[in-house]
Structure formats: structure tokens, C-alpha cells
Amino acid sequence: MQTLEDSVAALSRARTQRAELFCNLPQHKRSRVFLLLAHKVQQQLLRELPEKELLALFERLDPDEVTDALQLLSKKEQEQLMAQLTESLRQSVALLLRFDAQTAAGIMNVDYIQVEASDRIEFVI
């Protein structure tokens with residue numbers, strides 16, 4: 001069985017058939033491997049993966065990670081993919097895409113928890 005590092009190395013070295021290699025990975029490893037890849041390799045995968053595989057990948061990523069991935073694509077490609085996302089993911093990603101990726105707002109995470117001041121730390125964590 002390949003380690004994450006082995007999978008990343010194999011995909012990084014491959015000049016052709018990256019999408020096929022990626023799709024042959026177990027589903028549970030794909031998101032972690034994708035996030036470890038160089039942006040150029042991610043970009044190529046985003047353009048070559050079948051839409052069904054791409055959407056399944058996005059559903060396993062956090063909204064801020066999906067946003068980072070979409071920013072590797074043209075506005076037209078972003079819009080096409082955004083239209084296919086689930087409603088909740090689309091809303092989160094749309095919010096994040098409004099900000100420049102090089103600003104603090106552009107790297108924020110939309111996941112948060114709310115606790116009461118009286119809550120004890122051991123119950124919150």
C-alpha cells in the first residue's frame with residue numbers, strides 16, 4: 001500500500017494520466033493527497049478529472065480548501081463548478097471567493113463554534 005508521500009511523488013512525476021492515477025487512489029486518501037500536491041499539479045487535475053470525481057473531491061474538502069482550488073482556475077471554470085456544488089458548500093465558497101486570496105479575509109475559515117463564557121474548556125474541546 002502506498003503512503004501519502006508515495007502517492008504525491010507518483011502524481012508529481014507523472015506527465016500524463018494524472019487524472020487516472022488520482023482516480024485509482026482510495027477515495028479516503030484523495031483529499032489528503034490533493035492538498036499535498038503542488039498548485040500546478042492541482043490545477044492540471046482540476047481540469048482533467050471527470051466532473052463527478054471533482055465534485056466528490058470537493059465534498060471531502062473544507063470550504064476554504066475548495067476556494068483555494070477554485071482560485072487556480074479561470075472565472076468561467078469557477079462558475080461552471082460552483083453551479084454544481086451543494087447549496088451549503090456553494091454559499092460558503094461564494095463568500096470566500098469575494099476576498100482577495102492574499103488578504104487575511106482571503107485565508108479565513110468559515111467554520112467556527114460558539115460557546116458561553118461559563119462553559120468549561122474540557123466540555124468545549
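Reader: What do the buried residues of α7 pack against?
Author: This is a predicted model, so let's start with who is buried there. In α7, that's Gln78, Leu81 and Met82. Their packing partners are α5, α6 and α8.

Reader: Why do the buried residues of α7 line one face of the helix?
Author: An α-helix has 3.6 residues a turn, so positions three or four apart point the same way. Over on the other side of α7, Lys76 and Glu79 are exposed. Looking down the axis of α7, the buried residues line one face because they fall within an arc of 100°.

Reader: Which element gives the most to the largest nonpolar core?
Author: That core has 27 residues. Elements giving it two or more residues are α1, α2, α3, α4, α5, α6, α7 and α8. The top giver, with four residues, is α5.

Reader: Which residues does phenylalanine 34 touch, leaving out those up to four places away in sequence?
Author: Phe34 is among the core members that touch the most other members, along with Phe22, Leu46, Phe58 and Leu70. Leaving out residues up to four places away in sequence, Phe34 touches Phe22, Gln42, Leu45, Leu46, Leu57, Leu61 and Ala69.

Reader: And α4: which elements are included in what covers its buried residues?
Author: The buried set in α4 is Val41, Gln42, Gln44, Leu45 and Leu46. Of these, Gln42, Leu45 and Leu46 also turn up among the contacts of Phe34. The cover over the buried residues of α4 includes α1, α2, α3, α5 and α6.

How values were computed
Residues numbered from 1 in each chain as written. Predicted model: local features only at pLDDT ≥ 70, side-chain atom pairs only at ≥ 80, totals over all residues. Heavy atoms only, no water. Core = buried A, V, L, I, M, F, W, Y, C linked by side-chain atoms within 4.5 Å. Buried < 20%, exposed > 50% of the residue type's maximum accessible area, 1.4 Å probe, protein only. Contact = heavy atoms within 4.5 Å. Arc of directions from axis to C-beta.
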